Amino acid sequence: IIEIKTLIRHPMHSGRMKDKDGKKIPRQIINSFQVSFNGKEIFKMKLEPSISTNPYIAFPFRAKETGIFNFVWTDDNGEKYTMKRKMTVS
């Protein structure tokens, strides 16, 4: 069993903060995170406005074979941030 650790740079604006001119900053958060390994979903979560800036997420995974992790973060505008990483099991 290994621990997968992820960190994404994102301001996670909750919609409650104001800019230097006193105007509300519109909500702009990453609202979902999904991970697949060799095409099979292994982890997903929904994120809420209370999640901090640059969210850090960690979860366990039982490594049985060599393969590719596909990480997908999706924000309120539907923009997807993706990353792939290979893991080798010997």
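**Exercise 1. Is strand 5 enclosed or open, and how many of its nine residues are buried?**

*Solution.* Keep in mind that you are looking at a predicted model.
- Step 1: Find strand 5, which covers residues 67–75.
- Step 2: Count its buried residues: seven of the nine qualify, so the strand is largely enclosed by the rest of the structure.

**Exercise 2. Work out in what order the four strands of the open sheet are arranged.**

*Solution.* Go pair by pair.
- Step 1: Strand 2 (residues 30–37) is joined to strand 3 by six bridges. Here Phe33 has Met45 as its bridge partner.
- Step 2: Seven bridges connect strand 2 with strand 5. On this side, Phe33 stands opposite Trp73.
- Step 3: Strand 5 also pairs with strand 6, over eight bridges. One example to look for is Ile68, opposite Lys86.
- Step 4: Put the pairs together and you get the order 3-2-5-6, with antiparallel pairing. The edges are strand 3 (40–46) and strand 6 (80–87), each of which pairs on one side only. From one strand to the next, the twist averages 15°.

**Exercise 3. Find which residue takes a positive phi in the hairpin of strand 5 and strand 6.**

*Solution.*
- Step 1: Look at the link between the two strands, where four residues sit.
- Step 2: Among the residues of this hairpin, Gly78 has a positive phi near 85°.

**Exercise 4. Asp75 has no salt bridge; which polar groups lie by its side chain?**

*Solution.*
- Step 1: Place the residue: Asp75 belongs to strand 5 and is buried.
- Step 2: Search for an opposite charge. The nearest such side chain is that of Lys80, 9.1 Å away, and a salt bridge calls for a distance within 4 Å.
- Step 3: Turn to polar atoms instead. The side chain of Tyr81 makes a polar contact with that of Asp75 at 3.0 Å. The backbone nitrogen of Glu79 is also 3.0 Å from a polar atom of the Asp75 side chain.
- Step 4: Add the contacts from further along the chain. Beyond four places in sequence, Asp75 is in contact with His10, Gln28, Ile29, Ile30, Asn31 and Tyr81.

**Exercise 5. Decide whether Ile30 is buried or exposed, and list what it touches.**

*Solution.*
- Step 1: Ile30 lies in strand 2.
- Step 2: Its relative accessible area is 0%, so Ile30 is buried.
- Step 3: Leaving out residues up to four places away in sequence, Ile30 touches Ile8, His10, Met12, Leu47, Trp73, Thr74 and Asp75.

How values were computed. Residues numbered from 1 in each chain as written. Predicted model: local features only at pLDDT ≥ 70, side-chain atom pairs only at ≥ 80, totals over all residues. Heavy atoms only, no water. Buried < 20%, exposed > 50% of the residue type's maximum accessible area, 1.4 Å probe, protein only. Lys, Arg positive; Asp, Glu negative; His and termini not counted. Polar contact = N/O pair within 3.5 Å; in protein donor to acceptor, adjacent residues only side chain to side chain. Contact = heavy atoms within 4.5 Å. Pairing = 2+ DSSP bridges. Axes fitted to C-alpha atoms, helices over the stretch in contact; angles between N-to-C directions.
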